[in-house]
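User: Please take one part of this model and look at it closely. Then work outward from there in one connected answer.

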Amino acid sequence: MDMSEDRHPEWDEPTHDLVDFMQQVLVELQSEYSRIRGRTLEDPGTAGDEGEENWADLLRAWLPATFHVVTKGRILTARGEASPQIDVLVLHPDYPAKLRSKKHYMSSGVIAAFECKNTLRRSGISQAVKNSKLIAEILHRERNTKGYWRQPILPDLVYPELHKPLLYGLLAHSHEWETGSAIDTISASITDLDQEISEHPREVIDLVCVADVAVWSAGRCATHLAFDNGVLQMLETCTSTFSCLHAGMWKEDTVYYKSFNTIGALLSRIYEKLSKMDEKFLMFSNYFSLAIKDSQSGGDTFKVWGDVLSPEARKSINPTEMMRCYW
């Protein structure tokens, strides 16, 4: 049976130049992993440092040039609380030059933070999920300190209640699992550990990228659609889930399959999440999403939190708004 008439014209579009750039970055990252892995047994510390620098260099090359990307430091709140040591941090363009070499970074100047692994194991996922929770806790205590003036300058009252004021993720070159089962195993590990460890939507890890497999992006919804006695209704119940982005999402002969690349998906999602904190990144977010055919989709497993929003945030949601979700 000829299915050609059922094809959407967009499926046969040529790939974008940006896809070629992303593929070059991925090949270089994989080459670096092979080189570093050869020295891991004799000097695991240096191998780890080199892996972190790979990711730091990638972020320096592909995030706005005004950002400052540094390695190995702790986030320091105005209360004096410090996070665990973090491998790579992205600092605000206006971060004081005198303090950029100091290893305790002011929380107000940290835009994003990432743990880095050369070879990802379940223990690495577990530690990253725990650190996401710890960072969310100290930043929430800072925000709630009496007299603390800093509040996100956002028209959306809901977003800052469901998210940390910075992006936090896990970046890995590769993994320890069999290739055929890696996606399912990592997906299950992220979901299970999140269910076990996270106690609020803001504590959920935002991004996980395993360069030779897939990208996992956390989604949070302030409202939830469900059937009640056969009627679709909006429930005042917050949920979270992880969408898994990988080439297998698409038919092999489509532009979507040919365009997919984990590094492209990672950068697209970083810009997407940054755009929620500062609208000037929206143009980059939209461009990456359109050029590399990034798809925003929900996961299979939703974690239900109940109504964790403040009365002010809940009141800001229009009753006719069926879904308020952030990917």
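Analyst: The link of Cys-221 and Cys-325 is right-handed, with 110° about the S-S bond. This is a predicted model, and the geometry should be read that way. The two sulfurs of Cys-221 and Cys-325 lie 2.0 Å apart, which makes them a disulfide because the cut-off is 2.5 Å. The count comes to one disulfide. The pair joins distant parts of the chain: Cys-221 sits in strand β7 (residues 214-221), Cys-325 in strand β12 (residues 325-326), and 104 residues separate them.

How buried or exposed are the two partners, Cys-221 and Cys-325? Cys-221 has a relative accessible area of 4%, so Cys-221 is buried. Cys-325 has 25%, so Cys-325 is partly exposed. The limit for buried is under 20%.

Now the other cysteines. Cys-209 is buried, at 1% relative accessibility. Cys-238 is in no disulfide. For Cys-238, the nearest cysteine sulfur is that of Cys-221, and it is 8.9 Å away. With a cut-off of 2.5 Å, that distance is why Cys-238 and Cys-221 do not count as a pair. Cys-238 is also buried, at 1% relative accessibility.

Next, the nonpolar interior. The largest nonpolar core has 46 residues. Ile-75, Ile-125 and Trp-216 have the most contacts inside that core. Helix α3 (residues 122-143) gives the most to this core, with six residues. A second core is separate and has 38 residues, among them Leu-18, Met-22, Leu-207 and Val-215.

Two of those names, Leu-18 and Met-22, lead to helix α1, where both are buried. Helix α1 runs over residues 17-37, which is 21 residues. At 1.5 Å a residue, helix α1 should span 30 Å, and its end C-alpha atoms are 31 Å apart, so the two values agree. Which residues of α1 are buried? They are Leu-18, Val-19, Met-22, Val-25, Leu-26, Leu-29, Tyr-33 and Ile-36. These residues cover an arc of only 120° around the axis, so they lie on the same side of α1. On the other side of α1, Asp-17, Gln-24 and Glu-28 are exposed. The cover over the buried residues of α1 includes α2 (44-62), β4 (110-120), β5 (167-175), α6 (255-259), α7 (262-277) and α8 (282-291).

Helix α7, one of those covering elements, holds Ser-268. Ser-268 has a relative accessible area of 2%, so Ser-268 is buried. Leaving aside residues up to four places away in sequence, Ser-268 touches Ser-285, Phe-288, Ser-289, Ile-292 and Asp-294.

One more buried polar site is His-68. His-68 is in strand β1 (residues 68-76). At 18% relative accessibility, His-68 counts as buried because the limit is under 20%. What does the side chain of His-68 reach? The His-68 side chain reaches the backbone oxygen of Pro-93, at 3.2 Å. Again leaving out residues up to four places away in sequence, His-68 touches Leu-89, Val-90, Leu-91, His-92, Pro-93, Tyr-95 and Arg-100. Pro-93 is therefore in the contact list of His-68, with contact meaning heavy atoms within 4.5 Å.

Definitions and conventions. Residues are numbered from 1 along each chain as its sequence is written. This is a predicted model: local features need pLDDT of at least 70, side-chain atom pairs count only at pLDDT 80 or more; totals for chains, interfaces and linings use all residues. Side-chain values use heavy atoms; hydrogens and water are left out. Helices (H or I, at least four residues) and strands (E, at least two) are DSSP runs, numbered from the N terminus. The expected span of a helix is 1.5 Å times one less than its number of residues. Buried means under 20% relative accessible area, exposed over 50%, partly exposed in between (1.4 Å probe, protein chains only). The arc is that of the directions from the helix axis to the C-beta atoms. A polar contact is a pair of N or O atoms within 3.5 Å; within protein, one must be able to donate a hydrogen and the other to accept it, and residues adjacent in sequence count only if both atoms are side-chain atoms. A nonpolar core is a set of buried Ala, Val, Leu, Ile, Met, Phe, Trp, Tyr and Cys residues joined through side-chain atoms within 4.5 Å.
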